[in-house]
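Reader: I should be grateful for a close look at one part of this model, with its contacts and its degree of cover set out in order. Please then place that part within the wider picture.

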Amino acid sequence: MNLNGISAIWQREILTFLREKPRIISAAINPIFWLLTFGAGLGSTVNIAGINYQQFIFAGIIVQTMLFSSIFYGSYLVWDRRIDLLKAVLVTPLSRHSIFFGKVLSGVTFALIQTAIILAFGFFIGISYTFASIGLVIIIVALAAAALTAIGLTIGSLMTSPEGFQLITTFVIFPLFFLSGALFPLENLPAYLAALTAANPVTYIVDALRGLLIGIQYFGSFEIIFILVAFALIANLIGIQAFKRMRS
Amino acid sequence: MPIVETFNLTKKFGKITAVDSLNIGIDEGEVFGLLGPNGAGKTTIIKMLATLLEPTSGNAKVNGFDVMKKPQKVRESIGIVFQEPSSDELLTGYENMKLYAMMYGLPKDEIKRGIVEALELVELTERRDDLVRTYSGGMRRRLEIGRSLIHKPKVLFLDEPTLGLDPAGREKMWDYIGRLVRELRMTVLLTTHYMEEADNLADKVGIIDQGRIVIIDTPKALKRTVGGDLVTIKTANPNTGALEKLAYVKNITQNDDQITITVENVSQNLQELLKVVGKIESVEVRNTTLNDVFLHFTGRRIHEEGGNTWFDKIVQESISKS
């Protein structure tokens with residue numbers, strides 16, 4: 001592990017992120033748009049456990065934003081590989097572990113920035129916070145973003161050309177999102193849906209955040225922590241293997 | 001002992017042999033030019049030497065380190081400039097250099113000093129705080145050359161350093177690389193498909209075709225092997241039989257309705273030669289270039305193969321439009 005090198009990768013990603021204005025704008029506007037249209041639209045007639053639908057999906061929208069940005073950020077690697085940008089990094093003495101770790105760290109940072117923007121917007125739709133809840137949200141988001149970025153990097157290492165990029169949305173992001181309970185409560189689901197959501201690690205991210213933000217939690221806290229830590233570890237172990245084997 | 005050395009270095013992609021039993025040695029301080037058409041295997045060779053690609057068989061040593069067993073040491077010993085841009089457009093020149101140098105694990109003060117020197121060397125000090133997006137193609141290439149020198153590599157790999165530059169930019173870049181080599185006494189492995197580039201920059205040229213080295217020598221010696229100047233004649237029906245009998249005709253290559261004859265003492269012999277050829281549409285006489293050397297050894301012209309990349313085509317189109 002070369003801390004200077006990891007820091008260089010991280011600084012590079014953050015600087016380019018901050019200079020790509022469209023990326024920041026869409027990162028901030030998308031979730032707010034969802035809350036104001038979908039959340040408020042359904043919220044005018046739908047109440048879940050006495051809680052306004054807009055507030056109910058708040059945690060789900062944080063996860064949705066993170067899903068899209070982390071997985072896409074990771075799989076963007078396939079573009080970096082196509083041009084010579086990544087080769088220049090791979091030819092330095094920096095180990096592939098370090099490069100991978102720098103990228104995961106960047107993915108986590110982006111997710112935290114975006115979460116901060118959405119949390120700030122939460123004030124306007126009546127979400128209340130404590131220092132403890134914000135602290136725990138940060139930990140859960142960091143853990144989840146590390147796992148999701150690693151999945152993205154795995155996809156980016158395995159893909160040989162960017163042509164299949166659209167498929168990621170269809171076959172990875174959408175299933176993970178729609179089967180996570182981001183938009184519906186986990187109680188009283190049909191058996192197949194209950195099984196699929198329980199098998200989806202993203203479900204536990206949503207559940208944890210919803211518990212911290214509006215006090216509705218389906219799974220036990222210990223169960224959630226165990227699953228999220230395992231998810232992050234496994235996703236990163238697989239990611240590192242894929243990244244090490246990636247042809248440059 | 002050579003600082004870069006390959007031993008039957010071979011790379012196969014499926015059934016295609018991209019590099020076939022390569023044996024070259026590059027001495028310290030030497031500029032070695034690998035000259036060949038696109039697809040000849042030049043970039044594959046560089047990638048193997050830079051530890052980005054594992055050889056199928058054979059081996060190579062850079063700065064005394066085995067590329068397979070000591071990749072880390074090899075990477076510390078080399079600097080490399082890729083064919084296509086590899087700097088970040090959204091970072092300034094300075095940031096690009098600094099972040100890159102950090103990946104080499106250099107101490108802070110060494111990075112600072114190194115960048116100042118490198119910027120000076122590639123004449124980008126004035127533009128150091130501008131985003132790379134605002135740089136011209138030549139400036140960007142220079143930045144990448146400068147960036148590859150900060151960690152003081154023993155060997156510099158330049159993969160098609162003037163690809164995509166306009167002719168003026170190309171000549172400027174030659175000046176640059178030439179100066180760099182003289183001032184830093186750097187060992188350089190350069191790949192190119194431009195004859196003039198190899199001629200201008202390289203102490204020694206290896207002609208490569210379809211993954212095989214055809215011949216290695218100094219540009220001067222190579223041109224001498226062709227053995228004279230060249231007369232290219234456009235004619236429908238050349239009398240090659242009679243031409244071959246002339247003592248001063250060294251070589252004849254025929255290409256559709258065009259025939260290229262290597263002639264000693266052109267000024268004295270041209271008149272007689274033209275009489276012998278037969279009916280002539282046009283004649284061109286010129287001094288030997290490496291292009292002729294390539295033709296001499298491979299029987300083909302370097303650009304003949306349609307092996308141009310999409311990138312080349314775009315560049316050529318944009319040049320012809322402007």
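Author: A helix is here a DSSP run of H or I with at least four residues, and helices are numbered from the N terminus. The model is a predicted one. With that understood, the part chosen for close inspection is helix α5 of chain B, which spans residues 137-147. Within helix α5, B:Glu144 and B:Arg140 are separated by about one helical turn, because they stand 4 residues apart. Side chains of opposite charge can pair when their charged atoms come close. The side chains of B:Glu144 and B:Arg140 do meet in a salt bridge, with 4.0 Å from N to O. The cut-off for a salt bridge is a nitrogen to oxygen distance within 4 Å.

Cover is the next point to settle for this pair. A residue is called buried when its relative accessible area is under 20%. B:Glu144 has a relative accessible area of 2% and therefore counts as buried. B:Arg140, at 14%, is buried as well. The salt bridge in helix α5 thus joins two buried residues, B:Glu144 and B:Arg140.

One further residue of this region has a ring contact. B:Arg147 lies over the face of B:Tyr100, at 4.2 Å from the ring centre. Residue 147 is also the end of the range given for helix α5.

Other charged pairs of chain B give a useful setting for the one in helix α5. B:Arg127 and B:Asp130 meet through their side chains in a salt bridge of 2.5 Å, N to O. Here the cover is of another kind: B:Arg127 is partly exposed, with a relative accessible area of 27%, and B:Asp130 is partly exposed at 29%.

A third salt bridge, of 3.3 Å from N to O, is formed by the side chains of B:Glu160 and B:Lys42. This pair links distant parts of the chain, its members being 118 residues apart. B:Glu160 belongs to the loop between β8 (155-159) and α6 (167-184), whereas B:Lys42 is in helix α1 (residues 42-49). Both B:Glu160 and B:Lys42 are buried.

The loop that holds B:Glu160 leads back to strand β8 of chain B. In β8(B), 5 of its 5 residues are buried. In a regular strand the side chains alternate between the two faces of the sheet. Both faces of β8(B) are covered, with B:Val155, B:Phe157 and B:Asp159 buried on one side and B:Leu156 and B:Leu158 buried on the other.

Strand β8(B) has parallel neighbours. Strand β7 (residues 78-81) is joined to β8(B) by 4 bridges, and the two run parallel; in this pairing B:Ile78 has B:Val155 as its bridge partner. Strand β9 (residues 187-192) is joined to β8(B) by 5 bridges, again in parallel, and B:Leu158 is partnered there by B:Leu190. Strand β9 also contains B:Thr187, which is buried with a relative accessible area of 1%. The C-alpha atoms of B:Thr187 and B:Glu30 are separated by 5.0 Å, although these residues are 157 apart along the chain.

Charged contacts also extend beyond chain B. Over all chains, the structure holds 18 salt bridges. A network of salt bridges links A:Arg12, A:Glu13, A:Asp80 and A:Lys103 with B:Asp88.

Chain A also offers a counterpart to the contact of B:Arg147 with its ring. A:Arg23 lies over the face of A:Phe110, at 5.2 Å from the ring centre. Elsewhere in chain A, A:Ile225, A:Val229, A:Leu233, A:Ile234 and A:Ile238 form a nonpolar surface patch with about 460 Å² of accessible area together. Of these residues, A:Leu233 is placed in helix α12 (residues 221-245) and is exposed, with a relative accessible area of 53%.

To return to the part under study, helix α5 of chain B contains B:Glu144 and B:Arg140, whose side chains meet in a salt bridge.

Terms used
Residues numbered from 1 in each chain as written. Chains lettered and ligands numbered in written order. Predicted model: local features only at pLDDT ≥ 70, side-chain atom pairs only at ≥ 80, totals over all residues. Heavy atoms only, no water. Patch = residues over 30% accessible without salt bridge, like charges linked within 9 Å, V, L, I, M, F, W, Y side chains within 5 Å. Areas by Shrake-Rupley, 256 points an atom, 1.4 Å probe, with all protein chains shown as cover. Buried < 20%, exposed > 50% of the residue type's maximum accessible area, 1.4 Å probe, protein only. Lys NZ or Arg CZ within 6 Å of the ring centre and 35° of its normal. Pairing = 2+ DSSP bridges.
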